Amino acid sequence: MSEMRVTLLSFFAALGIATAAVSSNAQTSQATASDAASGTLTLEKCRSLALVNNKDMRMAQQRIKTADYQKREAFAAYLPALDFAGGYMYNQKDISIFSSDQLLPTKTFNPQTQSYEFNLVKNPETGMPIKGPDGQYIPSEVALIPKDAMTYDIHNVFFGAVTLTQPIYMGGKIVAMNKITGFARDLAMALHNNEAENVIYAVDAAYWQVVSLKAKYKLAVSYVNLLDSLDRNVELMEKAGVATMSDKLSVDVKLNSAQVDLVKVQNGLVLSRMALAQICGLPLNSPMVLADEDIDELQPSSMPARTYDMEEVYDRRQDLRALELGINIAGQQKKVAMSSMLPNLALVGTYSFSNPNMFNGFSKKFNGAFSVGAMLTIPLWHWGGNYNKYKAAESEETVMKIKLEDAREMVNLQVTQASFKSQEALKTYQMTETNIRKANENLRTATLGFREGVATADNVMEAQTAWLKANSELIDAMIDVHLCDTYLSKVLGTLNYASQR
């Protein structure tokens with residue numbers, strides 16, 4: 001009986017995986033075309049598109065199917081296996097039982113002795129049997145068996161057998177393999193879910209990058225307009241003799257630098273849209289518009305907690321779930337290794353047939369017969385090979401437990417860091433809101449002073465630079481809050497990917 005082979009996923013290197021079967025290719029293409037044609041994409045739409053179209057996710061879904069098939073394969077080992085084997089053989093020579101014609105002595109019944117006696121040549125005078133030169137008695141009558149009568153045609157031989165094998169006890173291997181494939185299926189699902197969280201986080205990062213660059217593009221345009229207006233005013237003042245050529249050149253240099261930055265931001269925005277389209281599975285040149293592109297301020301959110309119930313976090317984390325399943329699989333592999341040291345018992349039934357056959361003399365036609373029996377295998381001595389296999393599996397289980405312990409410590413650190421970073425991001429955003437009000441007032445005062453002649457062009461450019469910096473920091477802080485919230489949800493295991501499918 002052949003052994004089943006279960007291919008287990010490596011536990012921390014690949015393994016990317018979500019929670020349901022992907023919709024058909026036609027439905028996927030229709031959804032993609034519809035979302036692309038709509039022009040406006042929300043964050044939820046981008047997440048849904050990425051989960052459907054991401055190639056890692058699609059491979060992970062196939063791994064789940066693979067695990068399902070392996071589970072069914074393992075269950076089949078409980079059931080009787082029916083096999084057929086057949087063949088044909090050509091033989092050069094016939095088979096003959098005798099090398100030549102055979103002469104067999106005969107017997108005659110003797111009423112006096114009430115037994116059969118050989119018919120032998122006797123001396124007429126003494127009545128005693130006569131021996132030949134070889135020292136053997138000479139039969140008076142013989143039966144002839146020709147060599148041809150005992151020669152059989154086996155030039156063309158056809159044979160076959162139908163075998164039914166029912167495992168009775170395999171040392172616990174079949175039960176362990178069924179549990180392994182069940183755990184492997186759950187492992188594939190857990191890793192699928194973990195990959196879904198990674199995809200959502202990548203989508204969020206790309207989405208908010210587009211929003212950030214769009215906001216910075218608008219900011220760069222406003223900054224160029226401010227410098228352009230200042231440049232025209234300085235030019236008029238130069239003509240009126242109240243400003244110098246140096247003032248005009250300083251503003252020109254600043255304006256040219258701002259225009260270069262504007263081009264860079266514009267190019268970055270185009271590339272970031274392409275990156276988002278690629279993650280979502282859309283054509284790179286899709287004319288997408290994001291729903292949050294024109295967001296001006298962040299909706300206030302509550303301050304993240306400083307402490308969390310880590311046991312609940314551990315239960316929600318899919319990567320830890322994968323490690324726990326890995327420990328379960330290693331435990332069952334240990335039982336599989338143990339089974340190699342235990343007896344194996346199976347019932348076997350066979351119907352074998354051949355042409356020619358010897359069931360009723362030699363006959364050149366198909367004929368066969370049933371046979372039923374039991375097969376018992378008891379390992380006796382393998383020089384410690386099976387025992388060492390068991391100890392290796394036991395060590396692997398210990399390694400998996402240590403990995404889980406280490407991962408729990410890392411998750412604890414992740415949660416603490418993510419919580420602090422989220423709090424810091426929210427506080428930074430609140431401070432940048434205060435700074436932007438001061439920068440706006442500073443710019444207004446400098447511009448008014450320049451018009452009144454009490455401030456120089458350098459003063460105005462310094463105020464504009466401060467205004468640009470404050471607005472840029474506000475945008476960065478706003479995007480950072482979004483990303484920190486998403487990352488905190490990810491490390492807490494509360495990132496809702498199921499509704500995105």
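The expected span of a helix is 1.5 Å times one less than its number of residues. Keep that rule at hand for the first exercise.

Before starting, note that this is a predicted model, in which local features need pLDDT of at least 70 and side-chain atom pairs count only at pLDDT 80 or more, while totals for chains, interfaces and linings use all residues. Residues are numbered from 1 along each chain as its sequence is written, and side-chain values use heavy atoms, with hydrogens and water left out.

**Exercise 1. Check the length of helix H4 against its expected span.**

Step 1: Find the helix. H4 covers residues 173-240. Helices here are DSSP runs of H or I with at least four residues, strands are runs of E with at least two, and both are numbered from the N terminus.

Step 2: Apply the rule. With 68 residues at 1.5 Å a residue, H4 should span 100 Å.

Step 3: Compare. The end C-alpha atoms of H4 are 98 Å apart, which agrees.

Step 4: Look just past the end. Gly241 follows H4 and has a positive phi, near 85°.

**Exercise 2. Describe the protein chain as a whole: how many helices and strands does it have?**

Step 1: Count the elements. The chain has 9 helices and 12 strands.

Step 2: Ask how much is covered. Of 501 residues, 36% count as buried; buried means under 20% relative accessible area, exposed over 50%, and partly exposed in between, with a 1.4 Å probe and protein chains only.

Step 3: Turn to contacts, meaning heavy atoms within 4.5 Å. Among contacts with a separation of 6 or more, 82% are between residues 24 or more positions apart.

**Exercise 3. Work through the hairpin of S5 and S6.**

Step 1: Identify the strands. S5 (residues 107-110) and S6 (residues 115-118) run antiparallel and are joined by 4 bridges; two strands pair if DSSP finds at least two bridges between them.

Step 2: Find a partner. Which residue of S6 is the bridge partner of Phe109? The partner is Tyr116.

Step 3: Inspect the turn. There are 4 residues between the strands, and Gln114 lies in this loop. Gln114 is not a glycine, yet its phi is positive, about 55°. Most residues other than glycine have a negative phi, and most peptide bonds are trans. Gln114 is also exposed, with a relative accessible area of 57%.

Step 4: Add a side-chain detail. The charged end of Lys107 sits over the ring of Phe118, 4.6 Å from its centre. For this, NZ of Lys or CZ of Arg must be within 6 Å of the ring centre and within 35 degrees of the ring normal.

**Exercise 4. Find aromatic pairs that link distant parts of the chain.**

Step 1: Set the criteria. Rings of Phe, Tyr and Trp (its six-membered ring) pair if their centres lie within 6.5 Å; planes under 30 degrees apart count as stacked, over 60 as edge-to-face and the rest as tilted.

Step 2: Search. The whole structure holds 12 aromatic pairs. One of them is Tyr88 with Phe158, a tilted pair at 4.9 Å centre to centre and 45° between the planes. Tyr88 is in strand S2 (residues 81-90) and Phe158 in strand S9 (residues 156-169), 70 residues apart. Both are partly exposed, Tyr88 at 44% and Phe158 at 35%.

Step 3: Take another pair. The centres of Tyr201 and Tyr487 are 5.8 Å apart and their planes are at 55°, so this pair is tilted. Tyr201 is in H4 and Tyr487 in helix H9 (residues 457-492), so the pair ties together parts 286 residues apart in sequence.

Step 4: Join pairs up. Ring pairs link Phe84, Tyr88, Phe158, Tyr351, Phe353, Phe366 and Phe370 into a cluster.

**Exercise 5. Locate Leu488: is this residue buried or exposed?**

Step 1: Place the residue. Leu488 belongs to helix H9.

Step 2: Read its accessibility. At a relative accessible area of 8%, Leu488 is buried.

Step 3: List contacts. Leaving aside neighbours within four places in sequence, Leu488 touches Pro304, Tyr308, Val415, Ala418, Ser419 and Ser422. The C-alpha atoms of Leu488 and Val415 are separated by 7.0 Å, although the two residues are 73 residues apart along the chain.

**Exercise 6. Spot unusual backbone geometry in two loops.**

Step 1: Look between strand S11 (344-355) and strand S12 (367-377), where Pro356 is found. A cis peptide bond joins Asn355 and Pro356, with omega about 5°.

Step 2: Move to the loop between S12 and helix H8 (385-452), the place of Trp383. Trp383 has a positive phi of about 55° although it is not a glycine, and it counts as exposed at 74% relative accessibility.
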